[in-house]
Amino acid sequence: LSLAKHKNGKPKKAEEIQELKTHCETFWRLDIDLCKEYKEMYFDDHPVAVPDTAAAQRKRRIEPEHLRTSEAAREVDQITSFYAEPALLGLDWRGEGPKRPALADRIEVGINEAIDQLNPVADSPRIMDVRQMVLYGRTARLMVPGHEYYWDFPWKKKEESEDEWAKRYQRWGRGGPIPLIWQSLPAETTYPPSFGSLGEIAISWQEVNWYDLCKVFNERELADVRNQAYSGGRTKEHWADTFTLCIYADKTWLTYMVLTGGGGGSKPFPLREIEHELGVCPIRILAGQVSGVKEPGRYWVSVLRKSKALIKAADRLYSMSGTASKEDSQPTMIHYRQSPIETPGAQEDQQTFIYGDVVEAEMGPDGKPLEDWKPFIQPRFGEKTHNLFLWTLARAANVSGALEILQGPAPVSNEAAWARHEAIETAKAQFSALSAAIVAADIDAGEMIMRSVVAFGQEVYLQS
């Protein structure tokens, strides 16, 4: 594996990184807004526009329902579940001369075991990567050796011999985690400067609190940030105070920087600069499904792209059906009564009727009612709305490819087994491009692990 250094001179200055962040926020604005929209749909935070049936000018008011189907989350979660296990990686020597198969076997075992240990079940960065590839059409991750990450890394002391330090390092390596970093980054705020620089330069930014910074960076690195953020009478840190952490990377340098303040008055503070020696950019921006049109907002394709409008329409119809259902339990009533008696000394008796209540009517002297009331009959428009809602929801699932037939056993029907099997295989074929992209991302992870081990320069111990 060749790890030739790419000498780009000195690392970027904090002001240059801040300028790059501002450029990316402008250049990728359409893509950033799309990611925000997909994220809101996944968590059912998107607005649902419904008729205002509680408007002040209406004589009869009904509080409108705002219901959501969670269809976006269902589609994303179902497709993500297809790729729960990483691809099993293998090695094939393509250089000059033969290589022993046993060597390749040992490396294969080491790489696949490292991937497994770097992805705990409860907090797997690979699953986060897959979910982002499904939801946003791409993912972003940081993969580097862990020299600068582990605060207790056993650096060699001046007075130590090589043998003494090797023994101390072995004790640390067997008892600690794998000294490699695989961190899933937010794809919605991780971008290259342009399509042409994809894979060479990238920047990622996210909101963190003071506790997060203190967990990763030491007091010396945070001194300038502390003096700036907690000046002017504030002498004590507040763990919940938020900052913008920026991570810049190219083929030579990895730089961490913090922005304090907000808006145009934010001030950059570099925290850590690392010459990573990987030979490639450690911030990996990996595509899922793509359209082939390299324009912001159009290149990376979410699985929700085709079903987005249908899901929003289904949520609107669902809400309208929920509002219309109130008519079934409390129908509109029409009340017939006599006009007020217009004679000298007569008084008008007005009554207020409570919605859904019983109204008392007066009887005349001849035993017949002076007033009458009965249900007001009207067509059940809610049924048509509900049927349209069901059709829209089914259409959204169809165009996304996340059909219910892929979720598990179906109800008993006269459908032949071979026909159902053919339908399942046809549905799965829609994800062939996404499957190839996820396998390519797994291969990229294996390559970055090998690069990180070589750049680390020491033996890496896997947990038994």
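A residue counts as buried when its relative accessible area is under 20%. That cut-off is applied here to a predicted model. Buried residues make up 40% of the chain's 464 residues. The secondary structure comprises 13 helices and 12 strands. Contacts often span long stretches of sequence. Of those between residues at least 6 apart in sequence, 74% join residues at least 24 apart.

Strand β6 covers residues 253-260, and eight of its eight residues are buried, so the strand is largely enclosed by the rest of the structure. In a regular strand, side chains alternate between the two faces of the sheet. Both faces of β6 are covered. On one side lie Trp253, Thr255, Met257 and Leu259, all buried. On the other side lie Leu254, Tyr256, Val258 and Thr260, also all buried.

Strand β6 belongs to an open sheet of five strands. The order is β3-β4-β5-β6-β7, and the pairing is antiparallel. The edge strands are β3, residues 190-191, and β7. Each of these edge strands pairs on one side only.

The partners of β6 are β5 and β7. Strand β5, residues 242-249, is joined to β6 by six bridges. The two strands run antiparallel. They form a hairpin, with three residues between them. Several cross-strand positions can be named. Thr244 of β5 stands opposite Leu259 in β6. Leu245 has Val258 of β6 as its bridge partner. Ile247 stands opposite Tyr256 in β6.

Strand β7, residues 267-275, is linked to β6 by eight bridges, again in antiparallel fashion. Here Tyr256 stands opposite Arg272 of β7. Tyr256 thus appears in both pairings: it faces Ile247 and Arg272.

Strand β5 is mostly covered as well, with seven of its eight residues buried. Strand β4, residues 202-209, is joined to β5 by eight bridges, and the two run antiparallel. One of the positions in this pairing is Ile203, whose bridge partner in β5 is Tyr248. A helix also meets this part of the sheet. Helix α8, residues 219-229, lies across β5, β6 and β7. The helix runs at about 175° to β7.

Aromatic side chains were examined next. A pair of aromatic rings is described by the distance of the centres and the angle of the planes. The structure holds 14 aromatic pairs. In one of them, the ring centres of Phe82 and Tyr83 are 6.4 Å apart and the planes are at 70°, so the pair is edge-to-face. The cut-off for that label is an angle over 60 degrees. Burial was assessed for both residues. Phe82 is partly exposed, with a relative accessible area of 34%. Tyr83 counts as buried, at 10% relative accessibility. A second edge-to-face pair is formed by Tyr299 and Trp300. Their centres are 5.6 Å apart, with 65° between the planes. Both Tyr299 and Trp300 are buried.

Tyr299 and Trp300 also belong to a cluster. One aromatic cluster is formed by Phe27, Trp28, Tyr191, Phe195, Trp205, Tyr299 and Trp300. Trp300 has a charged neighbour too. The charged end of Arg138 sits over the ring of Trp300, 4.7 Å from its centre.

Met143 offers a view of another part of the chain. Met143 lies in strand β1, residues 138-145. At 2% relative accessibility, Met143 is buried. Leu278 is 135 residues away from Met143 along the chain, yet their C-alpha atoms are separated by 9.7 Å. Leu278 is also one of the residues that Met143 touches, when residues up to four places away in sequence are not counted. The others are Ile181, Trp182, Pro282, Ala445, Met448, Ile449 and Ser452.

Cysteines were considered last. A disulfide is a covalent bond between the sulfur atoms of two cysteines. For a pair to count, the sulfur atoms must lie within 2.5 Å. By this rule the count of disulfides is zero. Two of the cysteines can be described by their burial. Cys35 is buried, with a relative accessible area of 3%. Cys281 also counts as buried, at 1% relative accessibility.

Key
Residues numbered from 1 in each chain as written. Predicted model: local features only at pLDDT ≥ 70, side-chain atom pairs only at ≥ 80, totals over all residues. Heavy atoms only, no water. Phe/Tyr/Trp six-rings, centres within 6.5 Å; stacked < 30°, edge-to-face > 60°. Buried < 20%, exposed > 50% of the residue type's maximum accessible area, 1.4 Å probe, protein only. Lys NZ or Arg CZ within 6 Å of the ring centre and 35° of its normal. Helix = DSSP H or I, 4+ residues; strand = E, 2+ residues; numbered from the N terminus. Pairing = 2+ DSSP bridges. Contact = heavy atoms within 4.5 Å. Axes fitted to C-alpha atoms, helices over the stretch in contact; angles between N-to-C directions.
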